Each structure stands twice: as structure tokens, then as C-alpha cells.
Amino acid sequence: MDTQNLENAAVKIQSWWRGSRVRRTLLHTALRAWVIQCWWRSMQAKMLEQRRRLALRLYTCQEWAVVKVQAQVRMWQARRRFLEARQAACIIQSHWRWHTSQTRGLIRGRYEVKASRLELDIEILLT
């Protein structure tokens, strides 16, 4: 073989070798990039899930706060209505007691002592 053919053969082998190395390097680089991208996507998914959980937790805290405030307001309203009803019942009872004491049969009368006899005037009122 002559030197020209040997050089051409050497150039072809070298170019094939360099191409193989470049392709392998590119493949390794692409695989590493793919691994990094997969890792980054999983991290983004985790961060998104954390944000979603945090938002859900904040929402539930706000909802519970609203429920507690509503319960307090309802309790206050119920207590106010109870106190008003109790006060009304007390007023009705006091008026009823006064009324029954006024209308119950009472003995009203007057008496006078005159000389030797007792004059007694008694009225019994039953209504």
C-alpha cells in the first residue's frame, strides 16, 4: 500500500474515532441533561404540591375561623334571645303575682269600739 492510501485510511479511522467519541460525549451530555430535567420537573412538582397543600391549609384555617365566628355570633344571639325571654317571663310573673294578690279574696274591713259594744263592718271580696 502506498502512503497516500495509508494516510486516507488513517484519516478515516481517526474521523470515525473522533465521531464515535463526539457521539458518545453528546449522548452522555444528553443523558445528563435528561436526568437534570427529570430532577427539575420532580422538584417543580414537589414545590407545586407544597404550595397546593399550603393554600389548602390556609383555606381550611380561614374556613374554621369563619365557622368559629359564626358560632360565636349565633351563640351571642341565642343568649340575647334567652335573656330577653327570661326577662319577659320575669315581668309577666311579677305582673301575674301582683294581679293575683290584688284579685284574690281579701278581707277588707274596719272596726270601731263605741262605748260598750264593738261595731264591726266586714266586707269579704271574692273576685
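1. Disulfides first: a search of the whole structure turns up zero of them. Two cysteines are worth a look while you're there. Cys-38 is partly exposed, with a relative accessible area of 32%, and Cys-61 is partly exposed too, at 48% relative accessibility.

2. Bear in mind that this is a predicted model. The mean pLDDT of the protein chain is 86, and 80% of its residues reach 70 or more. How do the elements compare on confidence? Helix α1 has the highest mean pLDDT among them, at 93, while strand β1 (residues 106–114) has the lowest, at 55. Where pLDDT is low, the predicted coordinates should not be read in detail. I'd keep that in mind when looking at strand β1, given its mean pLDDT of 55.

3. On the overall layout, the secondary structure comes to one helix and two strands. Going along the sequence, you meet them in the pattern α-β-β. The helix, α1, covers residues 3–103, and the side-chain contacts in points 5 and 6 are found along helix α1.

4. How much of the chain is buried? Of the 127 residues, 2% count as buried. The accessible surface of the protein chain comes to about 12300 Å², and 63% of that surface belongs to carbon and sulfur atoms. If you set up anything that depends on surface composition, those are the two totals to start from.

5. Now the charged contacts: the count comes to three salt bridges. Two of them involve Glu-49. Its side chain meets that of Arg-52 in a salt bridge with N to O at 2.6 Å, and Glu-49 also forms a salt bridge with Arg-53, where the closest N and O atoms are 3.1 Å apart. The spacing along the chain is simple to follow: Arg-52 and Glu-49 are three residues apart in helix α1, so about one helical turn separates them. Glu-49 and Arg-53 are four residues apart in helix α1, and again the separation is about one helical turn. As for accessibility, Glu-49 is partly exposed at 29%, Arg-52 is partly exposed at 46%, and Arg-53 counts as exposed at 51%.

6. The remaining bridge to go through is the one between Arg-80 and Glu-84, with the closest N and O atoms 3.8 Å apart. That distance falls inside the 4 Å cut-off, so the pair is counted. Both residues lie in helix α1, four residues apart, or about one turn of the helix. Arg-80 is partly exposed at 36% relative accessibility, and Glu-84 is partly exposed at 46%. Back at the other site, salt bridges that share partners join Glu-49, Arg-52 and Arg-53 into one network.

7. Next, the rings. The count comes to two aromatic pairs. Trp-16 and Trp-17 have ring centres 6.2 Å apart and planes at 45 degrees, so this pair is tilted. Trp-16 is exposed, with a relative accessible area of 52%, whereas Trp-17 is partly exposed at 45%. Then there are Trp-39 and Trp-40: their ring centres are 6.2 Å apart and their planes meet at 45 degrees, so they make a tilted pair as well. Here Trp-39 is partly exposed at 48%, and Trp-40 is partly exposed at 42%.

8. Last, the nonpolar surface. Which residues make up the patch of about 420 Å²? Leu-27, Leu-31, Trp-34 and Val-35 do. Leu-27 lies in helix α1. For a quick look at the model, I'd display this patch together with the network of Glu-49, Arg-52 and Arg-53 and the two tilted tryptophan pairs.

Note on methods
Residues numbered from 1 in each chain as written. Heavy atoms only, no water. Patch = residues over 30% accessible without salt bridge, like charges linked within 9 Å, V, L, I, M, F, W, Y side chains within 5 Å. Areas by Shrake-Rupley, 256 points an atom, 1.4 Å probe, with all protein chains shown as cover. Buried < 20%, exposed > 50% of the residue type's maximum accessible area, 1.4 Å probe, protein only. pLDDT = per-residue confidence, 0-100. Disulfide = S-S within 2.5 Å. Phe/Tyr/Trp six-rings, centres within 6.5 Å; stacked < 30°, edge-to-face > 60°.
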